Amino acid sequence: MKKITILGAGESGIGAALLAKVKGNKVFVSDAGIISASRKAQLEENEIDYEEGQHTLEKILSGEEVVKSPGIGFDKEVVQQIMENGIPVIDELEFARRYSKGKTIAITGTNGKTTTTLLTYHLLKTADMDVGLAGNVGKSWAAQLVEGDHEWWVLEVSSFQIDGFKDFKPNIAVVINITPDHLDRYGYSLDKYIHAKLNLLKKMNEEDHLIYFREDENIRKGLGELGIKPKVHEISLNKMIGNGGYYDQRKVRVNFEKGVFIAAKEEIALTGAHNMINVMCALNVALIAGADENLLRKGLRNFKNAPHRMERVEEIGGVLFINDSKGTNVDATAFALSAFKEPLIWIAGGVDKGNDYTQLYPLMKDHVKMLICLGKNNEKLKEAFGESLDEIIETQDIKQAVKQAQEKGVDGDVVLFSPACASFDLFRNYEDRGDQFKEAVRNLKNKG
């Protein structure tokens with residue numbers, strides 16, 4: 001019997017604890033915060049020892065291995081002490097991989113990874129393949145493996161999760177893009193962040209496949225610094241690639257072993273050039289996995305994206321309200337701004353993660369009518385756009401932000417809620433922020 005310590009009792013931690021217990025290990029769960037009542041009940045029902053509100057080092061160090069929540073950085077004192085004692089520290093996905101015989105598709109990127117992950121899963125499911133969905137989306141992989149395995153697993157993986165990989169090796173890896181984000185976790189070094197993302201590839205071999213967006217300079221830079229072995233498939237918006245995909249503004253083309261898959265943009269539920277990158281990545285994966293081409297076309301047509309990603313909310317008096325609360329960094333907001341030709345009223349703000357707003361300047365020129373800053377500290381936003389915009393309004397109330405946007409908007413305008421910042425100053429998370437935005441818009445419409 002092996003002693004395993006689980007650090008953190010969130011979704012991944014509870015899943016790892018349940019799987020470890022089922023596999024015959026002695027398990028101890030430690031969480032510095034308060035564990036929810038439902039998760040305590042799971043632990044108690046499965047006779048798993050736990051603590052909350054503290055980390056008792058003596059108990060933690062009695063374990064032979066630690067499975068750490070991705071939200072707990074390796075620089076935290078408790079993690080440092082664990083490693084100093086020679087105890088391995090891994091991620092839930094690394095732990096779960098030991099107990100799955102399925103092939104893995106690991107999808108990462110600064111922006112678009114959730115959309116690509118959900119679309120990939122949807123395409124394989126629509127093609128009647130035995131597939132599961134896990135990682136940074138949905139139910140934890142470990143918890144699902146308690147119930148059963150699948151032939152294929154589609155996993156969304158963040159850099160935080162990759163940091164905890166030791167031997168994890170995906171059969172197919174997708175790297176959509178790498179732009180500055182979470183730099184506070186990586187010593188404000190973009191190079192360290194790039195390498196953290198691309199560490200996903202370190203155990204892959206010649207039988208595996210790597211799909212990536214070739215116009216992303218950070219990916220190309222990182223790949224040039226690493227020796228990689230998998231078969232490479234490049235996705236492009238500029239040119240047709242021999243072994244990859246291309247979008248020419250009218251259709252997507254994906255070359256694969258048996259030929260070429262072509263789909264007109266009208267056949268695809270997702271819209272916008274940035275989403276065509278996601279589509280080509282997902283299609284490439286599905287074709288490598290052997291999905292039926294006719295069923296893939298059905299999947300492209302009926303896919304519905306997750307909430308808070310360029311989500312149409314309501315139209316009030318000819319003004320369209322768009323919820324892009326998942327736009328938590330500048331690059332994501334750049335995609336959102338470029339997706340519209342209509343005059344924009346832009347709502348932004350929150351916790352700045354070291355943002356550089358200069359890339360937004362050309363997208364805003366003669367396009368954004370005004371900026372509504374929604375945050376506790378808006379000075380950086382005001383400084384960045386004060387000279388280029390005639391009107392900037394501040395508020396810490398999302399209802400007020402929506403009301404001001406509606407009052408300033410005219411028929412044909414779009415109100416774009418794409419914060420370019422994290423949500424933690426005024427909201428629990430980006431989902432809470434997006435839900436409150438949608439509620440405020442719908443309440444405003446009902447009053448009208």
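A residue is called buried when its relative accessible area is under 20%, exposed when that area is over 50%, and partly exposed in between. By this rule D191 is partly exposed, because its relative accessible area is 36%. The structure described here is a predicted model. The points below treat an open sheet of six strands, a buried strand, β8, a pair of packed helices, α9 and α10, and several salt bridges, of which the count comes to 26.

**The six-stranded sheet**

- Six strands make up an open sheet with mixed pairing, and their order is β15-β16-β20-β17-β18-β19.
- The edges of this sheet are β15 (311–316) and β19 (392–395); each has a single partner strand, so one side of each is left without a neighbour in the sheet.
- From one strand to the next, the twist averages 20°.
- Within the sheet, β17 (residues 344–348) and β18 (residues 368–374) run parallel and are joined by five bridges.
- One residue of this pairing is L344, whose bridge partner in β18 is V368.

**Helices against the sheet**

- Helix α13 (residues 330–338) lies across β17, β18 and β20 (414–417), and runs at about 165° to β17.
- Helix α16 (residues 398–408) also packs on the sheet, where it touches β15, β16 (319–323), β17, β18, β19 and β20.
- The direction of α16 makes about 165° with that of β18.
- The loop between β19 and α16 contains D397, which counts as partly exposed at 37% relative accessibility.
- D397 and N329 are 68 residues apart along the chain, and their C-alpha atoms are separated by 21 Å.

**The buried strand β8**

- Strand β8 (residues 152–156) is mostly covered, with five of its five residues buried.
- The residues of β8 point in two directions: W152, V154 and E156 face one way, W153 and L155 face the other way, and all are buried.
- Strand β6 (residues 103–108) pairs with β8 in the parallel sense over five bridges; in this pairing T104 has W153 of β8 as its bridge partner.
- Strand β7 (residues 131–135) likewise pairs with β8 in the parallel sense, over five bridges, and the bridge partner of V131 in β8 is W152.

**The packing of α9 and α10**

- Two packed helices are described by the angle between their axes and the distance between the axes.
- For helix α9 (residues 190–198) and helix α10 (residues 217–225), the angle is about 75° and the axes lie 10 Å apart.
- Angles of 65 to 115 degrees count as roughly perpendicular, and α9 is therefore roughly perpendicular to α10.
- On the α9 side the contact consists of L190, D191, I194, H195 and L198, and on the α10 side of N218, I219, K221, G222, L223 and E225.
- The residues of this contact between α9 and α10 divide into five nonpolar, three polar and three charged.

**Salt bridges**

- D191 and K221 form a salt bridge in which the closest N and O atoms are 2.8 Å apart.
- This pair links distant parts of the chain, since D191 belongs to helix α9 and K221 to helix α10, 30 residues apart.
- K221, like D191, is partly exposed: the relative accessibility is 35% for K221 and the relative accessible area is 36% for D191.
- The side chains of K40 and E52 meet in another salt bridge, at 2.7 Å from N to O.
- K40 lies in helix α2 (residues 37–45) and E52 in strand β3 (residues 49–52), so this salt bridge ties together parts that are 12 residues apart in sequence.
- K40 is partly exposed, with a relative accessible area of 21%, and E52 is partly exposed at 24%.
- K382 forms a salt bridge with E379, with 3.0 Å between the closest N and O atoms.
- K382 and E379 both lie in helix α15 (residues 379–385), three residues apart, which is about one turn of the helix.
- The relative accessible area is 25% for K382, which is partly exposed, and 46% for E379, which is partly exposed as well.
- R214, E215, R220 and E234 are linked in a network of salt bridges.

Methods: Residues numbered from 1 in each chain as written. Predicted model: local features only at pLDDT ≥ 70, side-chain atom pairs only at ≥ 80, totals over all residues. Heavy atoms only, no water. Pairing = 2+ DSSP bridges. Helix = DSSP H or I, 4+ residues; strand = E, 2+ residues; numbered from the N terminus. Axes fitted to C-alpha atoms, helices over the stretch in contact; angles between N-to-C directions. Contact = heavy atoms within 4.5 Å. Parallel < 35°, antiparallel > 145°, perpendicular 65-115°, else oblique. Nonpolar A, V, L, I, M, F, W, Y, C, P; charged D, E, K, R; others polar. Salt bridge = Lys/Arg side-chain N within 4 Å of Asp/Glu carboxyl O. Buried < 20%, exposed > 50% of the residue type's maximum accessible area, 1.4 Å probe, protein only.
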